[in-house]
Amino acid sequence: MSQKIVSLTVRDVRFPTSVEQHGSDAMHTDPDYSAAYVLIDTDSGLKGFGLTFTLGKGTEIVVCAVEALAPLVVGKSLQEIVSDFRGFYRLLTSDGQIRWLGPEKGVIHLATAAVLNAVWDLWARAEGKPLWKLLVDMDPKQIVSCIDFRYITDVLTEEEAHDILVKAQEGKQQREDEMLKGGYPAYTTSCAWLGYSDQQLQQLCTDALQSGWTKFKVKVGADLEDDKRRCCLIRQMIGPSNTLMIDANQRWDVAEAISWVSSLAEFNPLWIEEPTSPDDILGHAAISKALAPLGIGVATGEQCHNRVMFKQFLQASALQFVQIDSCRLGSVNENLAVMLMAQKFQVPVCPHAGGVGLCELVQHLILFDYICLSANLHNRMCEYVDHLHEHFTSPVVIQDAHYMPPKDPGYSCEMLESSVKRHQYPEGEVWKLHLTQMKT
């Protein structure tokens, strides 16, 4: 691991998913799934790939933020970084000038995630292991050394984290074998984007059921009567025994969320996802308390800025499902902290993966969570969306609605160079054609 990082480059890659309404929800009606895509080159020829997820416009801002962080990375050896990963994480998040743009939130934190994702990819490739296996093979002390515990020690200390990991060593090999054989349970969001017609929704649902899917998420929040109709349609199709979740993508105020979801309780959703502002911890707590008698939990996290906010969500009993995101938080390092806090509070982790590359990334984290932390699959599942996987060199493998553990070394987020060139914004051929058609 003596490889020295000689360059860090970033490209703006966008896919025109808005054309067919893929990814559409009550707040994001025309998303173009996009990424600030990072490449780390070393003097040995080994490369690391990373990304952070965006929705089109503004990706160029994240690219600028990545470029601002690059001087903190170039010139360091991989060994130098991973021997003090906590220190390197803090270097990126605590630069005396750059941190003013966050700290540890917003565009600069998305950029930090992209850079750190590439570093983790580089490390896993150097070890010849998929990222999940790199983590699983680490001893508890090494895992803990990767985490910045600043601001969360009132809830989780290093010692507590170490003890949780040590305790979970029992049965670890059996759980790894279980995952290799059958995979980690997934749910699908691909059937019921808000912009889909009823006919499209029904066809996708039928296909998913035939492929073994039993857990479905529906986008809601734009119109109550329409939500009732669509939830009724989905529930009738999937039957009473399969699992239904609903997702409002931050559409409502607190009282409105309680009223609206109560009106949908007849469809027996397991959770309501992002019912209100992702920053409103006490609002989520009020919603959780009000919906508990109906048996409906609250899920959130895909736009939760950092470990500090997750700490408070957990302290306030404001969520019943923790939805980590590989690109919103500060990469693997910060997600490890959140998964450990969730384990302490006994709240299941159900990662967000609705976006380009997110399924590829987060599968590694949820495998680690089960094998090395939770040892529990009750009410635990990982989101899956069936979009854009063909653009990756190591796309996710789904079998019987389960994520099969990746086998290729790295963090699974290397894109095909041909796809990057075609979708680079604005000079790629896809965008030249698309922008020309929009003008005409």
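The exercises below work through the cores, pockets and salt bridges of the structure shown above.

The model is a predicted one, in which local features need pLDDT of at least 70 and side-chain atom pairs count only at pLDDT 80 or more, while totals for chains, interfaces and linings use all residues. Residues are numbered from 1 along each chain as its sequence is written, and side-chain values use heavy atoms, with hydrogens and water left out.

**Exercise 1. The nonpolar cores**

Task: Find which residues have the most contacts inside the largest nonpolar core, and state what Phe368 touches.

Solution: Begin with the term itself, since a nonpolar core is a set of buried Ala, Val, Leu, Ile, Met, Phe, Trp, Tyr and Cys residues joined through side-chain atoms within 4.5 Å, where buried means under 20% relative accessible area, exposed over 50%, and partly exposed in between (1.4 Å probe, protein chains only). The largest such core has 141 residues, and those with the most contacts inside it are Phe85, Trp120, Ile272, Val322, Phe368 and Met415. Taking contact as heavy atoms within 4.5 Å, and not counting residues up to four places away in sequence, Phe368 touches Leu135, Val136, Ile143, Leu165, Leu336, Met339 and Leu373. A second, separate core of 8 residues includes Tyr187, Met245, Leu270 and Ala299.

**Exercise 2. The surroundings of Ala36**

Task: Decide whether Ala36 is buried or exposed, and list its contacts beyond four places in sequence.

Solution: First place Ala36 in strand β2 (residues 34-42); strands (E, at least two residues) and helices (H or I, at least four) are DSSP runs, numbered from the N terminus. Next, with a relative accessible area of 0%, Ala36 is buried. Finally, leaving aside neighbours within four places in sequence, Ala36 is in contact with Val10, Arg11, Gly50, Leu51, Thr52, Thr59, Val62, Val63 and Ala114.

**Exercise 3. Salt bridges between distant parts of the chain**

Task: For the salt bridges Glu158 with Arg86, Glu414 with Arg125 and Glu273 with Lys217, give the closest N to O distance and locate the partners.

Solution: A salt bridge is a side-chain nitrogen of Lys or Arg within 4 Å of a carboxyl oxygen of Asp or Glu, and the structure holds 25 of them.

- In the pair of Glu158 and Arg86, the closest N and O atoms are 3.2 Å apart. Glu158 lies in helix α7 (residues 158-167) and Arg86 in helix α3 (residues 85-93), 72 residues apart, and Glu158 counts as partly exposed at 34% relative accessibility.
- In the pair of Glu414 and Arg125, the closest N and O atoms are 3.0 Å apart. Glu414 lies in the loop between β12 (402-403) and α16 (417-423) and Arg125 in helix α4, so the pair ties together parts that are 289 residues apart in sequence; Arg125, at 21% relative accessibility, counts as partly exposed.
- The side chains of Glu273 and Lys217 meet at 2.8 Å, N to O. Glu273 is in strand β7 (residues 271-273) and Lys217 in strand β5, 56 residues apart, and both Glu273 and Lys217 are buried.

**Exercise 4. A network**

Task: Determine which residues are linked in a network of salt bridges.

Solution: The network of salt bridges links Arg90, Glu104, Asp148, Arg307 and Glu334.
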